[in-house]
Amino acid sequence: MTGSKRDELIAEVIRNLEMPFGDISFTPVLEDYYRTTIAKRRRRSMAAAVTIALVILAAFVVHRSFFTDTTTDPATFHRWLLPISGMAAVSLTVLAVSLSAASHRTADRTTVVGVVVIAALVAASFRIESGHAATIGIYCSVMVPLAATNLTALHFRQALVAVALSDVIYAAALLTMPAYDTMLHGPALLLMASVSAMTLWGNWRNDRSHRTLFLFMSRDRLLAERSASEAAELREMTALDPLTGIANRRAFEDRLAEVFSKRPRDPAALVMIDIDHFKAFNDCHGHPEGDRALVAVARALAGELRGAGDLVARLGGEEFAVLAPGPDHRDAAALLERLRRAVEKLAIPHGGVDEANAVVTVSLGCVVVGAGERTSRRDALESADRALYASKRAGRNRWTLFEPMPVSEREARLADEVGEIGL
């Protein structure tokens, strides 16, 4: 959910909660959010409604088949099976659409149409019957408004449309019966109207209560989401270099600590990078051009990263660093050459050095810390810095891989240093 849409929803939720006398009025945006949020519960209700409907229809068929004499008028029994089969087919179709529809509007409209069609089939079924079977069918019609208002989870306006159309169909079927009986059919009409009114009232109350509860829950959830999103944005802002858009020193140090916490299992390559003669470039072209060069170099370096695990950061000024978990010395050498060439291929004219046709280049120093090596972050940074300055001393626009000094050589050098200071 985008921040603007979330803010709009929060404003609508708070507006509804602050309305006097508990009145609520959902805008289309809030209505969509509500119906989408309760879609899972609605699908469960629809599955329950269809299951109950199929059980009832099966019970009717069993009762009609085994407890009444269907042999005296088999044609009537077969005609009666047609609307019953139609009700089952419509119920299953409505369930299938409700479970698969991408939009709640499609599911709701299909449900309304399904309820009305089932009402017409119910009316057709009791008009086919005669005697006590017709009477049972007439009074069983009250299940239609019950299903429309309670089981199918239609909200009030949709339930009102479904029930009103069903009542019209029901009344028309009764009033046009060849043998209309005021003593029988009149109370049936009154019962249908009463059940419809009561269930609609209950549907309205339930819908209102659900929506009010939804508003309270949505307010807390949306405000929490906004706070989390703002915190994430703040963390991202504090982790990015404002000029180049890549990670800053803080993000680099956090990532370095994370990598070294896993380093007993995984190797890691740490690369320190300096733009060559950048002060001279700034003196020649000015700071705006220097900023543009920094952005271009940052993008070139970032374009050579292998995946989400690698990180390029600007440490400050013209200093950059790359952290690449995983590579050994051979892979690190290939990475260093790609980084060096990526900047050189930018072909940004330098102008601040004596060489003709000189372009902006970088010097790189890298240390690869193997899995299981007991090297601290500080030691790794110092080793990468030594390799970087070795590249500078060797003429710049090159890279150097730090090679650990053998123990005997380190001891000999330490002895020389001790001797020089007279200890």
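1. In this predicted model, F216 belongs to helix α9, which covers residues 182-239. Its relative accessible area is 38%, and F216 is therefore classed as partly exposed. F216 and I14 are 202 residues apart along the chain, yet their C-alpha atoms are separated by 8.8 Å.

2. A second contact between separated stretches of sequence concerns P83, a residue of helix α4 (residues 74-100). With a relative accessible area of 7%, P83 is buried, since the class of buried residues ends at 20%. The C-alpha atoms of P83 and V122 are separated by 7.0 Å, with their positions 39 residues apart along the chain.

3. The salt bridges deserve a point of their own, and the total for the model is 18. One of them joins R42 and D108, whose closest N and O atoms are 2.9 Å apart. R42 is part of helix α3 and D108 is part of helix α5 (residues 104-128), so this pair ties together parts of the chain that are 66 residues apart in sequence. Both R42 and D108 are buried.

4. How far apart are the closest N and O atoms in the salt bridge of E304 with R338? The separation is 3.4 Å. This pair, too, links distant parts of the chain: E304 sits in the loop between α12 (287-302) and β2 (311-316), R338 sits in helix α13 (residues 329-344), and the two positions lie 34 residues apart. E304 has 23% relative accessibility and counts as partly exposed. R338, with a relative accessible area of 33%, is likewise partly exposed.

5. A salt bridge within a single helix is formed by E382 and R386, with the closest N and O atoms 4.0 Å apart. This value deserves attention, because the criterion for a salt bridge is a separation within 4 Å. The two residues are four positions apart in helix α14, and E382 and R386 are therefore separated by about one helical turn. An α-helix has 3.6 residues a turn, so residues three or four places apart point the same way. E382 is partly exposed at 31% relative accessibility, and R386 is partly exposed at 48%. Elsewhere, E31, D207 and R211 are joined into one network by salt bridges that share partners.

6. Helix α14 itself comprises 17 residues, 377-393. At 1.5 Å a residue it should span 24 Å, and its end C-alpha atoms are 24 Å apart, which agrees with that expectation. Which residues of α14 are buried? They are A380, S383, A384, A387, L388, S391 and K392. R393 is also found in helix α14, but at 67% relative accessibility R393 counts as exposed. The C-alpha atoms of R393 and S363 are 9.9 Å apart in space, while the residues are 30 apart in sequence.

7. The backbone after α14 should be inspected for its phi angles. G395 follows the helix and has a positive phi, near 125°. R396 also has a positive phi, near 70°, although this residue is not a glycine. R396 lies in the loop between α14 and β5 (399-401), and its relative accessibility of 27% makes R396 partly exposed. Most residues other than glycine have a negative phi.

8. A347 is another residue to check: its phi is positive, about 55°, and A347 is not a glycine. Where does A347 lie? A347 is in the loop between α13 and β4 (362-369). With a relative accessible area of 45%, A347 is partly exposed.

9. On the surface, K40, R41, R43 and R44 gather in a patch of positive charge. Of these residues, R41 lies in helix α3 (residues 39-66). The relative accessible area of R41 is 33%, and R41 is therefore partly exposed. Members of such a patch must have over 30% relative accessible area and no salt bridge. R42, by contrast, is buried and forms a salt bridge with D108.

Note on methods: Residues numbered from 1 in each chain as written. Predicted model: local features only at pLDDT ≥ 70, side-chain atom pairs only at ≥ 80, totals over all residues. Heavy atoms only, no water. Patch = residues over 30% accessible without salt bridge, like charges linked within 9 Å, V, L, I, M, F, W, Y side chains within 5 Å. Areas by Shrake-Rupley, 256 points an atom, 1.4 Å probe, with all protein chains shown as cover. Salt bridge = Lys/Arg side-chain N within 4 Å of Asp/Glu carboxyl O. Lys, Arg positive; Asp, Glu negative; His and termini not counted. Charge placed at Lys NZ, Arg CZ, Asp CG, Glu CD. Buried < 20%, exposed > 50% of the residue type's maximum accessible area, 1.4 Å probe, protein only. Expected span 1.5 Å × (residues − 1).
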